[in-house]
Amino acid sequence: IIIHILKFRPDIIVIFSNPRYLSFWFILFLGKILKIEVYPRGHGLVKKKKPSKLIKLVYRIIIGLSTKYLCYTVSVKDSLSNIAKEELLLVDNNTLYNSLPVIPKEKTGCESGIFFIGRLRERCGVEELINAISILRLQRRNNIELHIIGDGPLSDIVVSKTLENQWIHYYGQIFDDSKINEISKMCRIGCYPGDMGLSAVHMFSLSLPPVTHNFMHEHMGPEPSYIQDGKNGFFYSPKLDITALVGTLSNIWSLPPEEIYTIQKNAYLTFVHLSTPPFHTRILRNINCLENYE
């Protein structure tokens with residue numbers, strides 16, 4: 001990395017902020033020495049419920065060596081506000097691109113499915129989701145079906161559950177946006193009971209209000225902070241509590257279709273807000289070289 005930087009002498013470096021990588025620290029110090037602007041982009045302290053003095057010191061050094069710090073969300077900026085000047089913190093919403101989003105007019109608010117997408121790993125909550133829907137169906141919510149996209153260490157468990165229950169539809173790993181689009185149209189909401197990340201934004205892009213727990217510091221990323229309970233998605237508490245999850249899903253299924261449709265529309269509008277303007281334009285704007293680009 002050092003050889004590459006010395007050879008090409010970039011004017012600006014934008015890099016994912018990860019204090020555990022030596023390469024990250026080399027770039028910060030080299031940028032300072034060579035007077036190269038460096039913009040780390042990351043989570044800040046948002047995942048630390050009670051950050052220690054040491055980790056606060058680490059981030060003070062990171063921001064001190066940086067030109068500015070690009071925050072994934074407003075919540076990331078808030079987590080750093082006590083250790084850095086506001087002008088050194090820029091919010092650049094973390095999002096993703098979907099070549100075939102589902103626009104609100106393709107939804108009805110009456111869909112029977114619940115949509116899960118993400119890696120099937122510990123802390124994803126897919127087993128809790130299956131159990132919660134089983135309980136709901138016993139409570140005469142017989143029309144609820146579960147659609148699962150993803151792969152990982154828990155896939156064997158999901159396969160066995162699928163063989164036992166016709167209402168579970170497991171598609172494995174899919175990268176084709178058109179297939180994901182079609183599957184999602186059968187769903188009323190998205191649900192990721194475990195520690196969520198960009199799956200929240202993916203659900204927004206499909207006009208699916210995400211359902212997840214509200215322990216923000218335990219999520220895989222800060223993206224669930226985009227959810228506004230009852231407006232573009234839903235929270236439940238405590239984390240991975242079957243009774244609480246069943247209660248929230250049952251309440252959602254009790255809402256009239258027109259209210260669900262409004263929340264689905266708000267979910268999609270959240271995606272539009274997060275993704276406009278596109279990533280490259282936002283980056284160029286944040287590093288003050290948009291005029292040169294245009």
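**Strand pairing, surface patch and salt bridges in a predicted model**

In the predicted model, glycine 113 stands opposite glutamate 145 of strand 6. This pair belongs to the contact between strand 5, residues 113–117, and strand 6, which run parallel to one another over 5 bridges. Strand 6 itself spans residues 145–149 and is mostly covered, with 4 of its 5 residues buried. Strand 5 is joined with helix 5 (residues 126–138) and strand 6 in a β-α-β unit that is right-handed. A further β-α-β crossover leads from strand 6 through helix 6 (residues 155–164) to strand 7, and this crossover is right-handed.

Strand 6 also pairs with strand 7, residues 168–170, in the parallel sense, here over 3 bridges. Two residue pairs can be named in this contact. Leucine 146 stands opposite isoleucine 168 in strand 7, and histidine 147 has histidine 169 of strand 7 as its bridge partner.

These strands are part of an open sheet of 6 strands with parallel pairing, arranged in the order 7-6-5-8-9-10. Strand 7 and strand 10 (234–236) occupy the edges; each has a single partner strand, so one side of each is left without a neighbour in the sheet. From one strand to the next, the twist averages 25°. Within this order, strand 9 covers residues 210–213 and includes valine 211. Valine 211 has a relative accessible area of 0% and is therefore buried, the cut-off for this class being under 20%.

A second group of strands is also arranged as an open sheet: 4 strands in the order 1-2-3-4, with parallel pairing. The edges are taken by strand 1 (12–16) and strand 4 (89–91), and because each has a single partner strand, one side of each is left without a neighbour in the sheet. The twist in this sheet averages 25° from one strand to the next. Strand 2, residues 37–42, and strand 3, residues 69–71, pair in the parallel sense over 2 bridges. In this contact, arginine 41 stands opposite leucine 70 of strand 3.

On the surface, Ile2, Leu6, Leu22 and Phe26 make a nonpolar patch of about 390 Å². Helix 1 (2–8) and helix 2 (22–34) are the elements that give two or more residues to the patch. Leucine 22, which lies in helix 2, has a relative accessibility of 63% and so counts as exposed. The cut-off for exposed residues is over 50%. As a distance between separate parts of the chain, the C-alpha atoms of leucine 28 and valine 211 are separated by 38 Å, with the two residues 183 apart along the chain.

Salt bridges were also examined. Side chains of opposite charge can pair when their charged atoms come close. The count for the model comes to 9 salt bridges. In one of them, the side chains of aspartate 92 and arginine 282 meet at 2.7 Å, N to O. This pair links distant parts of the chain, 190 residues apart: aspartate 92 lies in the loop between strand 4 and strand 5, and arginine 282 in helix 11 (residues 279–286). Aspartate 92 is buried because its relative accessible area is 1%, and arginine 282, at 9% relative accessibility, also counts as buried.

Another salt bridge joins glutamate 106 and lysine 185, whose closest N and O atoms are 2.9 Å apart. Glutamate 106 is in the loop between strand 4 and strand 5, and lysine 185 in the loop between helix 7 (177–184) and strand 8 (187–191), so the pair ties together parts 79 residues apart in sequence. Glutamate 106 is partly exposed, with a relative accessible area of 33%, and lysine 185 is partly exposed at 26%.

Aspartate 195 and lysine 239 form a salt bridge in which the closest N and O atoms are 3.0 Å apart. Aspartate 195 lies in the loop between strand 8 and helix 8 (199–205), whereas lysine 239 lies in the loop between strand 10 and helix 9 (242–254), so this pair ties together parts that are 44 residues apart in sequence. Aspartate 195 is buried, with a relative accessible area of 0%, while lysine 239 counts as partly exposed at 24% relative accessibility. Through salt bridges that share partners, Arg123, Asp195, Glu218 and Lys239 are joined into one network.

Note on methods: Residues are numbered from 1 along each chain as its sequence is written. This is a predicted model: local features need pLDDT of at least 70, side-chain atom pairs count only at pLDDT 80 or more; totals for chains, interfaces and linings use all residues. Side-chain values use heavy atoms; hydrogens and water are left out. Buried means under 20% relative accessible area, exposed over 50%, partly exposed in between (1.4 Å probe, protein chains only). Two strands pair if DSSP finds at least two bridges between them. A crossover is right-handed if, with the strands pointing away from the viewer, the path from the first strand over the helix to the second runs clockwise. Patches are made of residues with over 30% relative accessible area and no salt bridge: like charges are joined within 9 Å, nonpolar side chains (Val, Leu, Ile, Met, Phe, Trp, Tyr) within 5 Å. Accessible areas come from the Shrake-Rupley method with a 1.4 Å probe; for residues, only the protein chains shown count as cover. A salt bridge is a side-chain nitrogen of Lys or Arg within 4 Å of a carboxyl oxygen of Asp or Glu. Axes are lines fitted to C-alpha atoms, for helices over the stretch in contact, and angles run from 0 to 180 degrees between N-to-C directions.
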